Amino acid sequence: MSSRREFLEKLTVSAVSLPILYSPASVLAACDGQPYKGPVLRVAIMGLGSYGNRVARGMESCKRAKLVGVISGTPSKVIDWRKKYDIPEKNCYNYKNFDQVKNNPDIDAVYVITPNGLHCEQAIRVAKAGKHVICEKPMAINAEEGERMVKACKAAGVKLLVGYRMHFEPKTVEVIRMRKAGEFGKTKFFQGQSGFVIGDPTQWRLNPKLSGGGAMMDIGVYSINGSRYMLGEEPIWVTAQEVKTDSVKFKEGIDETITFQMGFPSGAIASCLSTYAMNNLDRFFLNGEKGFAEMQPSTGYGPIEGRTHKGKLTQPHITHQTLQMDGMAQLIFEGVQPIAPVDGEEGLKDLKIIDAIFLAAKTGKKVEL
Ligand code: NAD
């Protein structure tokens, strides 16, 4: 979607199919035809890499959030972004001096989009500078780091939000709404498959210090988080098995493929696959006593596709990052919660499960949560 007009036209065309209660509020507001007059979340992006670029493009269509600053270690990127997004020089920082954002009244939040292993320290510095933190997934590389981040943001009185864009995605939101409304009956089984074949062996994703792990941290986390929002419960145990076929590319500390299972208090179970060695794996399946939901692709950039026992999911595709950032602005300013949480506690829950999965894979034992 290239322009704001196209974005709004698409919303108007699809407005009739949107369920009122559970559609992301920003979508509904955009559909009411009124110009937006409320507060705008002024965001600086830290880390101008591949996903940072995608978020910046998505934010061009936001009405509640605006890109106003950057934090980068590469001066040439800063020059490009300043031109492209009309960013004033006073809102540009590097990794050494970004604590000074504290003295900048024109920035409300910093979106941390750097390698996973840097999130904790960077997020805590942003919190100490008194700015809201939006942090990419995984929120950190283990639960201990996650706990420190939650604590620091609480102490600073700022929000900590995690880039769980699926929590704002209309088809996902509809499936969660159906589950909450009991339309699947008692949900008993979730299957999540998350994976792709990773390329360049020199990238940070294959460096344990920067990534905190392999496929699990990067893509398996979608199946973990998905199992929780699809079933609506928190797991109480995990088991896991690891397979490694290339110990040069996937060195110590970098998981290639892990299958894992989770048990939930109701008796529901989940069976998931996380891998850096197979393509075509982006699939969720939820089974209940009265129906099912099947989504494939389930967490890619979209369009998401899926069906339930009632038929095809027809909610519109809207750029995920646009919905997420408008939704997060609404959360910060108005306290409006998305259908599944996106706060630091939510990120921490996934990190605790990841820690448990790594332990289960290593020991071969069932790990209680
Ligand atoms: P990337 O490699 O494209 O970008 C990372 C950026 O961090 C680069 O601009 C790089 O210069 C900068 N950086 C700062 N310090 C660095 C260091 N010491 N080493 C390496 N790079 C450094 O990666 P990406 O794909 O943009 O991923 C960034 C984060 O976003 C990760 O946490 C990733 O999990 C997350 N992500 C989320 C989604 C999503 O859909 N929510 C998608 C992709 C990535």
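Here are three short exercises on a predicted model and its ligand, each with a worked solution.

Residues are numbered from 1 along each chain as its sequence is written. In this predicted model, local features need pLDDT of at least 70 and side-chain atom pairs count only at pLDDT 80 or more, while totals for chains, interfaces and linings use all residues, and side-chain values use heavy atoms, with hydrogens and water left out.

**Exercise 1. The shell**

Task: Work out which residues surround the ligand and which helices and domains supply them.

Solution:
- Start with the count: 24 residues surround the ligand, and the closest are Ser50, Asn116, Lys137, Arg165 and Trp204. A residue is near a molecule if one of its heavy atoms lies within 4 Å of it.
- Next, sort by class: the shell has eleven nonpolar, seven polar and six charged residues. Here Ala, Val, Leu, Ile, Met, Phe, Trp, Tyr, Cys and Pro count as nonpolar, Asp, Glu, Lys and Arg as charged, and the others, Gly among them, as polar.
- Now look at helices (DSSP runs of H or I, at least four residues, numbered from the N terminus). Helix 3 (50-59), helix 5 (116-128) and helix 9 (215-231) each supply at least two shell residues, and helix 5 gives the most, with three.
- Finally, check the domains, whose bounds come from an automatic or database domain assignment. Domain 1 (13-165) and domain 2 (182-315 + 344-368) each supply at least three residues of the shell.

**Exercise 2. Polar contacts**

Task: Find which protein atoms lie opposite oxygen atoms of the ligand, using polar contacts (pairs of N or O atoms within 3.5 Å).

Solution:
- Try the backbone: a ligand oxygen is 3.4 Å from a polar backbone atom of leucine 48, and a ligand oxygen is 3.0 Å from one of glycine 49.
- Then try side chains: an N or O atom in the side chain of tyrosine 222 is 3.0 Å from an oxygen of the ligand.
- Add the cover: the ligand alone exposes 830 Å², and the protein buries 79% of that (Shrake-Rupley method, 1.4 Å probe).

**Exercise 3. Unusual backbone**

Task: Find two cis peptide bonds and a positive phi outside glycine.

Solution:
- Recall the background: most residues other than glycine have a negative phi, and most peptide bonds are trans.
- Spot the cis bonds: one joins glutamine 296 and proline 297, with omega about -5°, and another runs from glycine 302 to proline 303, with omega near 0°.
- Place them: proline 297 lies in the loop between strand 12 (292-295) and strand 13 (306-308), and proline 303 is also found in the loop between strand 12 and strand 13. Strands are DSSP runs of E, at least two residues.
- Last, aspartate 86 has a phi near 55° and lies in the loop between helix 4 (75-85) and strand 3 (92-93).

Key: Polar contact = N/O pair within 3.5 Å; in protein donor to acceptor, adjacent residues only side chain to side chain.
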